[in-house]
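User: I would like a close look at one part of this model, namely its salt bridges and what surrounds them. Please keep the answer connected.

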Amino acid sequence: AWCARTYGSDAPDRARLRAAAVTGLNVPPSQFQLHLQFLLPPLVPAHLQLYRQGRHFTKHRFLPLDYVLAALDALAERGEAVADAAGLDGAALVARVDALCGGAVPYEPSWRRTYPRPRRN
């Protein structure tokens, strides 16, 4: 129903929408709370303009969901946790996860896969 209302009769298939979605978290959190961002094309003008200005989904502030899930899995497998995560910025949190997981969960490839999605759609 949402696809039909949003896109009309030429709505993309669900697999294409999933591939176009930008999903992740901001660190530090926006609006004073941690929340999952799940943005689908087309971006609203305000989000698109922030993205074009390089101020949306920025490196080390935006943690793609696939990175977050892989990091949580890797930390859990090792019995590790980032106890002071709330006091870290994104770059420091990524560095801490990297150190605790021995480099098994690289941030850069995940961010590079996610960041260009709005430009492609």
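To begin with one of the residues concerned: is aspartate 66 buried, partly exposed or exposed, and at what relative accessibility? Please go on from there to the other salt bridges and then to the rest of the chain.

Analyst: The model is a predicted one. Aspartate 66 counts as partly exposed, because its relative accessibility is 35%, which falls between the limits of 20% for buried and 50% for exposed. Its partner in a salt bridge is arginine 113, and the closest N and O atoms of this pair are 2.7 Å apart. The two residues come from distant parts of the chain: aspartate 66 belongs to helix 4 (residues 65-78) and arginine 113 to helix 6, with their positions 47 residues apart. Arginine 113 is partly exposed as well, at 44% relative accessibility.

This pair is one of four salt bridges found in a search of the whole structure. Another joins lysine 59 to glutamate 108, where the closest N and O atoms are 2.7 Å apart. Lysine 59 sits in the loop between helix 3 (45-52) and strand 3 (62-64), while glutamate 108 is in helix 6 (residues 107-114), so this salt bridge ties together parts of the chain that are 49 residues apart in sequence. Both ends are partly exposed: lysine 59 has a relative accessible area of 38%, and glutamate 108 has one of 26%.

Glutamate 108 also meets the side chain of arginine 112 in a salt bridge, with an N to O distance of 2.7 Å. Here the partners lie in one helix: arginine 112 and glutamate 108 are four residues apart in helix 6, so about one helical turn separates them. Arginine 112 counts as exposed, because its relative accessibility is 54% and the limit for exposed is over 50%. Taken together, Lys59, Glu108 and Arg112 are linked in a network of salt bridges.

Helix 6 also takes part in the nonpolar interior. The largest nonpolar core has 24 residues, and those touching the most other members are Phe57, Leu63, Tyr67, Leu93 and Val97. Strand 1 (22-26), strand 3, helix 4, helix 5 (90-100) and helix 6 each supply at least two residues of this core. Helix 4, the helix that holds aspartate 66, gives the most to this core, with five residues.

Phenylalanine 57 can be followed further. Leaving aside neighbours within four places in sequence, phenylalanine 57 is in contact with Val22, Gln37, Leu39, Leu43, Tyr51, Phe62, Trp111, Tyr115 and Pro118.

For the chain as a whole, there are seven helices and three strands, and along the sequence they follow the pattern α-α-β-β-α-β-α-α-α-α. The C-alpha atoms fill a box of roughly 50 × 30 × 25 Å along the principal axes. Of the 121 residues, 36% count as buried. Among contacts with a separation of 6 or more, 64% are between residues 24 or more positions apart.

The accessible surface comes to about 7,600 Å², and carbon and sulfur atoms account for 56% of that area. The chain carries 15 positive and 10 negative charges, and the mean positions of the two sets are 10 Å apart.

Note on methods
Residues numbered from 1 in each chain as written. Predicted model: local features only at pLDDT ≥ 70, side-chain atom pairs only at ≥ 80, totals over all residues. Heavy atoms only, no water. Buried < 20%, exposed > 50% of the residue type's maximum accessible area, 1.4 Å probe, protein only. Core = buried A, V, L, I, M, F, W, Y, C linked by side-chain atoms within 4.5 Å. Contact = heavy atoms within 4.5 Å. Areas by Shrake-Rupley, 256 points an atom, 1.4 Å probe, with all protein chains shown as cover. Lys, Arg positive; Asp, Glu negative; His and termini not counted. Charge placed at Lys NZ, Arg CZ, Asp CG, Glu CD.
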